[in-house]
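The following report describes selected local features of one protein chain. It is meant to be read alongside the sequence and the coordinates.

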Amino acid sequence: MRIVIQRVLEASVVIENEVTSKIDKGLLILVGIEEADTDEDVKWLSSKVVNLRIFDDENGVMNLSVKDIDGEIIVVSQFTLHASTKKGNRPSYIKAAKPDISIPLYERFVSQLQNDLGKEIGTGEFGADMKVSLCNDGPVTIIIDTKNKE
């Protein structure tokens, strides 16, 4: 699993001109799933996300997690995170998992995040044409890939 985490002051997802998710201070997470991903990746990544210390403490030092600040999360599926651009100018998405694998893992990731964070999180809609808006705070943007755990 590969994610892009953006620390945000606010973020929202719009599908067919309707706001389906909206948060204030917290994290917008774009997630790409590949065929080799497992439930172990889901658990490891969820724990990493909720405990990642990227919010400022009282001294302006990034020392607090989204959980510490009682922040919010939106998760949006994005198969394009597994784009290969080695050949030509059209990206290949051959590493991205097909829906029969990616949808259940995406849903388990959302569920695990909710459990680890202790509250509901916002989502996009798998496979939908989404308009994602955000106000990146910092900016702080971090990429994590479960294939690089060690």
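How many nonpolar, polar and charged residues does the lining of the largest pocket have? The model is a predicted one, and in it the lining of the largest pocket comprises 14 nonpolar, 6 polar and 2 charged residues.

**The largest pocket**

The volume of the largest pocket is about 430 Å³. Its lining is made up of 22 residues, and those closest to the pocket centre are Ser77, Gln78, Phe79, Thr80 and Gly127. Two or more lining residues come from each of S3, S6, H2 and strand S8, the last of these running over residues 130-145. S3 is the element that gives the most to this lining, with 4 residues.

**Helix H2**

Helix H2, which also contributes to the pocket lining, covers residues 99-117 and has 19 residues. Because a helix is expected to rise 1.5 Å a residue, H2 should span 27 Å, and the 26 Å between its end C-alpha atoms agrees with that expectation. The buried residues of H2 are Ser102, Leu105, Tyr106, Phe109, Val110, Leu113, Gln114, Asp116 and Leu117. An α-helix has 3.6 residues a turn, so residues three or four places apart point the same way. The cover over the buried residues of H2 includes strand S3 (26-32), helix H1 (39-51), strand S6 (72-77) and strand S7 (122-123); S3 and S6 are also named among the elements that line the largest pocket. After H2 comes glycine 118, with a positive phi near 85°.

**Aspartate 41 in helix H1**

Is aspartate 41, a residue of helix H1, buried or exposed? With a relative accessibility of 6%, aspartate 41 counts as buried, because the cut-off for that class is under 20%. The side chain of aspartate 41 makes a polar contact of 3.3 Å with the side chain of threonine 146. When residues up to four places away in sequence are not counted, aspartate 41 touches Met1, Ala36, Thr146, Lys147 and Lys149, so that threonine 146 appears both in this list of contacts and as the partner in the polar contact.

**Backbone geometry**

Most residues other than glycine have a negative phi, and most peptide bonds are trans. Glutamate 16, although not a glycine, has a positive phi of about 50°, and asparagine 17, likewise not a glycine, has a positive phi of about 65°. Glutamate 16 belongs to the loop between strand S1 (2-15) and strand S2 (18-23), and asparagine 17 is placed in the loop between S1 and S2 as well. Glutamate 16 is exposed, with a relative accessible area of 73%, and asparagine 17 counts as exposed at 79%. Elsewhere in the chain, the peptide bond that leads from glycine 138 to proline 139 is cis, its omega being near -5°; proline 139 is part of strand S8, an element that gives two or more residues to the lining of the largest pocket.

**Partly exposed loop residues**

Three further residues, each in a loop, are set out below with their relative accessible area and one C-alpha separation.

| Residue | Relative accessible area | Partner and separation along the chain | C-alpha distance |
|---|---|---|---|
| Threonine 38 | 38% | valine 4, 34 residues | 18 Å |
| Isoleucine 69 | 25% | glutamate 125, 56 residues | 26 Å |
| Proline 91 | 31% | threonine 80, 11 residues | 8.6 Å |

Threonine 38 is in the loop between S3 and H1, and it is partly exposed. Isoleucine 69 sits in the loop between strand S5 (62-64) and S6 and counts as partly exposed; leaving aside neighbours within four places in sequence, isoleucine 69 is in contact with Lys25, Phe55 and Leu64. Proline 91 is located in the loop between S6 and H2 and also counts as partly exposed. Apart from residues up to four places away in sequence, proline 91 touches Ala83, Ser84 and Thr85. The partner of proline 91 in the table is threonine 80, and Thr80 is also one of the residues closest to the centre of the largest pocket.

Conventions:
Residues are numbered from 1 along each chain as its sequence is written. This is a predicted model: local features need pLDDT of at least 70, side-chain atom pairs count only at pLDDT 80 or more; totals for chains, interfaces and linings use all residues. Side-chain values use heavy atoms; hydrogens and water are left out. The expected span of a helix is 1.5 Å times one less than its number of residues. Buried means under 20% relative accessible area, exposed over 50%, partly exposed in between (1.4 Å probe, protein chains only). Contact means heavy atoms within 4.5 Å. On a 1 Å grid over the protein atoms alone, a cavity is a set of points where a 1.4 Å probe fits but cannot get out, and a pocket is an open set with protein on both sides within 12 Å along at least five of seven lines; lining residues have an atom within 4 Å of a point. Grid points are joined across faces, edges and corners, and a volume is the space filled by probe spheres set on the points. Ala, Val, Leu, Ile, Met, Phe, Trp, Tyr, Cys and Pro count as nonpolar, Asp, Glu, Lys and Arg as charged, and the others, Gly among them, as polar. A polar contact is a pair of N or O atoms within 3.5 Å; within protein, one must be able to donate a hydrogen and the other to accept it, and residues adjacent in sequence count only if both atoms are side-chain atoms.
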